[in-house]
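Open the model in your viewer and keep the sequence beside it. The stops below go one selection at a time.

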Amino acid sequence: LDKVCAFLSNHPELGSRTASVNMSMQQFMGEGFVDKIEACLKKYQLNPGRIRIEITERMISENPQKTRDTLQKLTEKGILFYLDDFGMGYSNFAGVLSLPIETIKLDLTLVHSAFESKQKYLVLESLVTMMRCAGYSVVAEGIETEEQAAMLKKLGADRLQGFYYHKPMPENEILKLFRK
């Protein structure tokens with residue numbers, strides 16, 4: 001979180017671009033999590049809307065009430081959340097729908113398995129449709145081929161993420177990419 005906030009703060013040329021930060025369950029459930037987020041944003045004088053925090057289904061199932069309370073407190077301060085690796089766990093859809101989450105990130109196993117059978121393709125198609133109808137933005141993770149990218153665009157995913165587009169890169173390469 002500190003590195004991401006520093007990066008955004010040190011590069012005003014990025015404008016209002018946002019960055020997401022994956023949080024471990026230990027961080028998210030730890031004492032003072034909300035205070036730590038607020039302190040980091042204050043330290044770097046960042047608008048809370050520039051940060052997206054990624055949590056997993058497991059965090060929701062481990063302690064639903066604490067998760068809901070934490071998400072609510074931070075959402076009220078302008079921080080938005082992504083539900084990462086969706087489809088890997090055993091989420092209760094009603095539970096997910098009750099949380100203030102902006103974006104659902106479909107796990108790469110869902111994307112890859114859609115090529116295995118018509119049934120798995122239909123499940124992925126239904127998930128994308130259902131999440132978009134519920135008002136979520138949908139990101140498909142693990143895009144590695146042109147064929148996968150074309151399929152997820154056709155299904156209506158809002159954004160695609162994966163090695164097909166870019167591999168993890170150092171800060172200077174990210175800046176070059178953003179400047180293009």
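In this tour a residue is called buried when its relative accessible area is under 20%, exposed when it is over 50%, and partly exposed in between. The model is a predicted one.

**Stop 1: strand 1**

Select residues 19–22, which make up strand 1. Which of its side chains are buried? A19 and V21 are, and they point to one face of the strand, while S20 and N22 point to the other face and are not buried.

**Stop 2: the sheet around strand 1**

Now show the strands as a cartoon. An open sheet is built from 6 strands, in the order 1-2-3-4-5-6, with parallel pairing. Strand 1 and strand 6 (159–160) each have a single partner strand, so these two stand at the edges and one side of each has no neighbour in the sheet. Strands of a sheet are paired through backbone hydrogen bonds, in a parallel or an antiparallel sense.

Add strand 2, residues 51–56. It pairs with strand 1 in the parallel sense, over 4 bridges. Pick S20 and look across to strand 2, where its bridge partner is R52.

Move on to strand 3 (residues 80–86) and strand 4 (residues 103–106), a parallel pair held over 3 bridges. Y82 is the residue to pick here, and T103 in strand 4 stands opposite it.

**Stop 3: salt bridges between strands 2 and 4**

Keep R52 selected and add E102. These two form a salt bridge, with their closest N and O atoms 3.0 Å apart. R52 belongs to strand 2 and E102 to the loop between helix 6 (93–97) and strand 4, so the link spans 50 residues of the chain. Is each partner buried or exposed, or something in between? R52 counts as buried at 11% relative accessibility, whereas E102 is partly exposed at 28%.

Next select E54 and K105, whose side chains meet in a salt bridge of 3.0 Å, N to O. E54 is in strand 2 and K105 in strand 4, 51 residues apart. E54 has a relative accessibility of 3% and counts as buried; K105 is also at 3% and buried. Add E141 to the selection: salt bridges with shared partners join E54, K105 and E141 into one network.

**Stop 4: a salt bridge from a loop to helix 3**

Select K77 and E38. Their salt bridge has its closest N and O atoms 2.8 Å apart. K77 sits in the loop between helix 5 (64–76) and strand 3, and E38 sits in helix 3 (residues 33–43), so the pair ties together parts that are 39 residues apart in sequence. K77 is partly exposed, at 39%, and E38 is partly exposed as well, at 29%. Across the whole structure, a search finds 9 salt bridges.

**Stop 5: the largest pocket**

Last, turn on a surface and select T18, A19, S20, Q161 and F178. Of the 30 residues that line the largest pocket, these lie nearest its centre. The pocket holds about 1300 Å³ of space. Which elements give two or more residues to its lining? They are helix 1 (2–10), strand 1, strand 2, strand 6 and helix 10 (171–179). Helix 10 gives the most, with 4 residues. Colour the lining by residue type to see 13 nonpolar, 7 polar and 10 charged residues.

Note on methods
Residues numbered from 1 in each chain as written. Predicted model: local features only at pLDDT ≥ 70, side-chain atom pairs only at ≥ 80, totals over all residues. Heavy atoms only, no water. Pairing = 2+ DSSP bridges. 1 Å grid on protein atoms, 1.4 Å probe; cavity = no way out; pocket = protein on both sides within 12 Å on 5 of 7 lines; lining within 4 Å. Points joined across faces, edges and corners; volume = space filled by probe spheres on them. Nonpolar A, V, L, I, M, F, W, Y, C, P; charged D, E, K, R; others polar. Salt bridge = Lys/Arg side-chain N within 4 Å of Asp/Glu carboxyl O. Buried < 20%, exposed > 50% of the residue type's maximum accessible area, 1.4 Å probe, protein only.
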